[in-house]
Amino acid sequence: MAVCIAVIAKENYPLYIRSVATQNELKFHYTVHTSLDVVEEKISSVGKALGDQRELYLGLLYPTEDYKMFRKLHNSFTDVMCNPFYNPGDPIQSKAFNGVVSGMMVQTG
């Protein structure tokens, strides 16, 4: 199960962030925004020499056993993007998407 889920726009800003309500919630938001900075640095290095372009690979960003969870999140995200009333780039405020994310979050208590 996940403790924090973030959806990032192609312009590298968060469209959706949700984390389990704990004392570490601020840490998760900080980690998401710091990761955005790392991605931005990797993208900006495209203008470097050909030998340096191979470091654009960030590595596997999720464990392979979590593929089903990722696929479920991706399908729900696709449903949001296909909604004719959603404006791309706006924060995601879909109840259905929020329900899928809630189902993936670690239950505390």
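Among contacts in the protein (heavy atoms within 4.5 Å) between residues at least 6 apart in sequence, 53% join residues at least 24 apart. The model is a predicted one, in which local features need pLDDT of at least 70 and side-chain atom pairs count only at pLDDT 80 or more, while totals for chains, interfaces and linings use all residues. Residues are numbered from 1 along each chain as its sequence is written, and side-chain values use heavy atoms, with hydrogens and water left out.

The secondary structure comprises three helices and two strands, in the order β-β-α-α-α from the N terminus. Helices (H or I, at least four residues) and strands (E, at least two) are DSSP runs, numbered from the N terminus. The average pLDDT, the predictor's confidence in each residue from 0 to 100, is 79 for the protein, and 75% of the residues score at least 70. The extremes among the elements are α1 (residues 25-44), with the lowest mean pLDDT (81), and α3, with the highest (91).

Strands β1 and β2 pair in the antiparallel sense over five bridges; pairing requires that DSSP find at least two bridges between two strands. Val-7 stands opposite Tyr-16 in β2. The hairpin has five residues between the strands, and Asn-12 takes a positive phi near 70° there.

Buried residues make up 21% of the 109 residues in the protein. Buried denotes under 20% relative accessible area, exposed over 50%, and partly exposed in between (1.4 Å probe, protein chains only). A nonpolar core is a set of buried Ala, Val, Leu, Ile, Met, Phe, Trp, Tyr and Cys residues joined through side-chain atoms within 4.5 Å. The largest such core has 16 residues, of which Ile-5, Ile-92, Phe-97 and Val-101 touch the most other members. Two or more residues each come from β1 (4-8), β2 (14-19), α2 and α3. Helix α3 gives the most to this core, with four residues. Leaving aside residues up to four places away in sequence, Ile-92 touches Val-7, Leu-15, Tyr-16, Phe-77, Val-80, Tyr-86 and Phe-97.

In α3 (residues 95-104), Phe-97, Val-100, Val-101 and Met-104 are buried. These buried residues line one face of the helix, because they fall within an arc of 95° when seen down its axis; the arc is that of the directions from the helix axis to the C-beta atoms. On the other side of α3, Lys-95 and Ala-96 are exposed.

Two serines can be set side by side.

| Residue | Location | Relative accessibility |
|---|---|---|
| Ser-76 | helix α2 (residues 67-82) | 7%, buried |
| Ser-94 | loop between α2 and α3 | 25%, partly exposed |

Ser-76 touches Ala-96, Phe-97 and Val-100, again not counting residues up to four places away in sequence. At the start of α3, a side-chain oxygen of Ser-94 reaches to within 3.4 Å of the backbone nitrogen of Ala-96. A polar contact is a pair of N or O atoms within 3.5 Å; within protein, one must be able to donate a hydrogen and the other to accept it, and residues adjacent in sequence count only if both atoms are side-chain atoms. Ser-94 and Asp-79 are 15 residues apart in sequence, and their C-alpha atoms are 9.7 Å apart in space.
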